[in-house]
Every structure is written in structure tokens, then in C-alpha cells.
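Please look over the structure below before reading on. The text then goes through it from the whole chain down to single elements.

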Amino acid sequence: MRQIRNATWFSWLLLTSSVTFVSAQTTTPLTRSTPTAVSLVIRTDDIGMSHSVNMAMQKLVATGMPVSVSVLFVCPWYQEAVEILKQHPNVSVGIHLALNSEWKNYRWGPVTGSAAVPSLVDENGFFFASSEALHQHNPSVAEVEKELRAQIDRALRSGVKIDYVDEHMGTATRYPEFRDVTERLAKEYGLGMSGYFGEAMDAPQYAAAPDRKGDSLVAFINRLQPGVNAVVTHVGIDDAELGALLDMNTSDPLPDMSKNRQGELTALTSPRFSAALKARNVVLLTYRDLIAREGLQSMRRPVE
């Protein structure tokens, strides 16, 4: 899971007493928020990782809730994700830039091919399981740029509108030399960067038990501060495919990963979550909205 950074920011419209959402992109122009406005970006990561994750994303976007989805274009299932997202053009799509492959028995490697970026892969041609393992193998910065550029190019060829980039497991910005490459590529391709619009990033529900994720998200909504906030989520369907994956990235892996991702999906699509947003008058926005409102020139590197 990526590093969470702190900061602040605004714009998107949540209307009605039910779960109906109206897009600022199709209604009134975006306007500057008042100092007391509370807004939230819901970002969901690892889309395209598997069929189970894609089906969960489909359920999430079908609610009409404004969301930003970050796609792993290195994974074979990204093609299915793209077909789903083409049916939902109002969803803001990002590239989940990946330099790691963390699941036992389900590994992926570089878009460029392992021979083109040998310092980024293990003896089997797969990305290393953790940021630390990659960095310990002295990766070539030129090869990092080559691979990240290939992932961006693949995404842009996919046929969906790409708005922003972020980092799988934080790796593409964790080290100064990697961060410089990622920032330069985002500028070159005219893409936003998640975390660079002053949004206060969080993911409190991630470590909560599957049946307590709803409680965690509601508590999170209730303590939101004025400005732009962001919550990083991971959704999935609790089935045999997702249940077979074991995380090799950490010595303390999240148990029952598929149940945890199902728990996040259930919480995000629940009437209780919608009611919490409405009760606080939370304005939902996407990265497409932030970019349209603020412009790419407003981006600033978050303070660690």
C-alpha cells in the first residue's frame, strides 16, 4: 500500500437524500470553495490486477459516486478494466505506476520486457516484491524511466481518458531519484499526480477488520476537516481467485486479503456511507475535477 501523505484542498456535488450523485463536469462550472467546505476524493487502487478486483470496481462505479480509479497497466487484466471504464467515461482514471509485484504465485513484470530493464527484475523476470528489495539491487534510473514511460504509453493507447498518475506501493516516488523521474514524466505527458494538489491523504479503513471497515469510514467522514481530503481504497470480490493471493511485500501481511477488499467495497457502497457523506455535506470530487479547477501548474510536491 502506498505511503499516505498529509496536506489540504476542493469541488464536486453530492445531491438528494438517496444515493444519487450529480457531476460538476456535467452541471455547473467548478467554483472556488468556501473556507468551511469539506470535500473528498475517493481513490481506489490496483484496478486491473485481477478479474475479482475489476468486478468490484464495476460495482463501485455503477453507484454513480464520483471516484478516481488507479489502473495497474502492467497486469493482464487491465484490458478488462479498460472495457468497463469505457462504459463509464465520467470516472477519473489514473495510472498506478508499478515497479513491484507482491503476490505469491501471481507475478507480473515490466511492460518493456525483462531484457530491456534487467536491473528492475528478479531471476525470473518479475518485479521485486517490495520497494526495499528493488532498491537494494541498485536499479538503473534510466531503466526506471524507460519502464514508467512504457506504462504511461500503454495507458494512453488504451482508449480511456487518463487524468493522473500515482504509485503502486509508493515505490515510484519513495526514493528521490525515482520521484524526479515520475514528476518529470507527469509534466511531460500533461498528467496530474495524486497527492500533489494539497489533498490530505488517508486510508484509515485499510487495517480495520472486514466487518469494521464501515465503522472506520464513517468515523473518518465525521472527522474530516475543511479543504480537500482523499481516501485511498482497495476493493475486491471475496472469491477463490482473490482469496488465493498471498502478500509477499510485508512481514505483517493483511490476513484474509480478499475479505478485506470485499469489506471496503461493501462499506463504500453502503447506505450508511452515503448518509455519513450527506450528514457532513461532504462534496465529492475526482482528480479530473481537481485538475480542471486548479490546473496542472498548481501541483506541488507534498511535504513528507
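The following paragraphs describe the overall make-up, the nonpolar core, one helix and the largest cavity.

This is a predicted model. The protein chain contains 11 helices and 12 strands. It has 304 residues, and 56% of them count as buried. The exposed surface of the chain comes to about 12400 Å², with 53% of that area supplied by carbon and sulfur atoms.

The largest nonpolar core has 86 residues. Those touching the most other members are Leu-40, Ile-42, Met-49, Val-69, Ile-95, Trp-108 and Ile-221. Ile-95 can serve as an example: leaving aside residues up to four places away in sequence, Ile-95 touches Val-71, Phe-73, Gln-151, Ile-152, Ala-155, Ile-162, Tyr-164, Val-165, Asp-166 and Leu-191.

Ile-221, also listed among those core residues, is one of the buried residues of helix α7, which spans residues 213-222. The others buried in this helix are Lys-213, Ser-216, Leu-217, Val-218 and Phe-220. Their cover includes the strands β3 (38-47), β9 (200-202) and β10 (227-233), together with the helices α9 and α10 (271-279).

Lys-213 of α7 also takes part in lining the largest cavity, alongside Tyr-206, His-234, Leu-254, Met-257, Asn-260, Arg-261 and Glu-264. This cavity holds about 30 Å³ of space. Helix α9 (residues 257-268) gives the largest share of the lining, four residues. Sorted by class, the lining consists of three nonpolar, two polar and three charged residues. Helix α9 thus appears in both settings, as part of the cover over α7 and as a contributor to the cavity lining.

Methods:
Residues are numbered from 1 along each chain as its sequence is written. This is a predicted model: local features need pLDDT of at least 70, side-chain atom pairs count only at pLDDT 80 or more; totals for chains, interfaces and linings use all residues. Side-chain values use heavy atoms; hydrogens and water are left out. A nonpolar core is a set of buried Ala, Val, Leu, Ile, Met, Phe, Trp, Tyr and Cys residues joined through side-chain atoms within 4.5 Å. Buried means under 20% relative accessible area, exposed over 50%, partly exposed in between (1.4 Å probe, protein chains only). Contact means heavy atoms within 4.5 Å. Helices (H or I, at least four residues) and strands (E, at least two) are DSSP runs, numbered from the N terminus. Accessible areas come from the Shrake-Rupley method with a 1.4 Å probe; for residues, only the protein chains shown count as cover. On a 1 Å grid over the protein atoms alone, a cavity is a set of points where a 1.4 Å probe fits but cannot get out, and a pocket is an open set with protein on both sides within 12 Å along at least five of seven lines; lining residues have an atom within 4 Å of a point. Grid points are joined across faces, edges and corners, and a volume is the space filled by probe spheres set on the points. Ala, Val, Leu, Ile, Met, Phe, Trp, Tyr, Cys and Pro count as nonpolar, Asp, Glu, Lys and Arg as charged, and the others, Gly among them, as polar.
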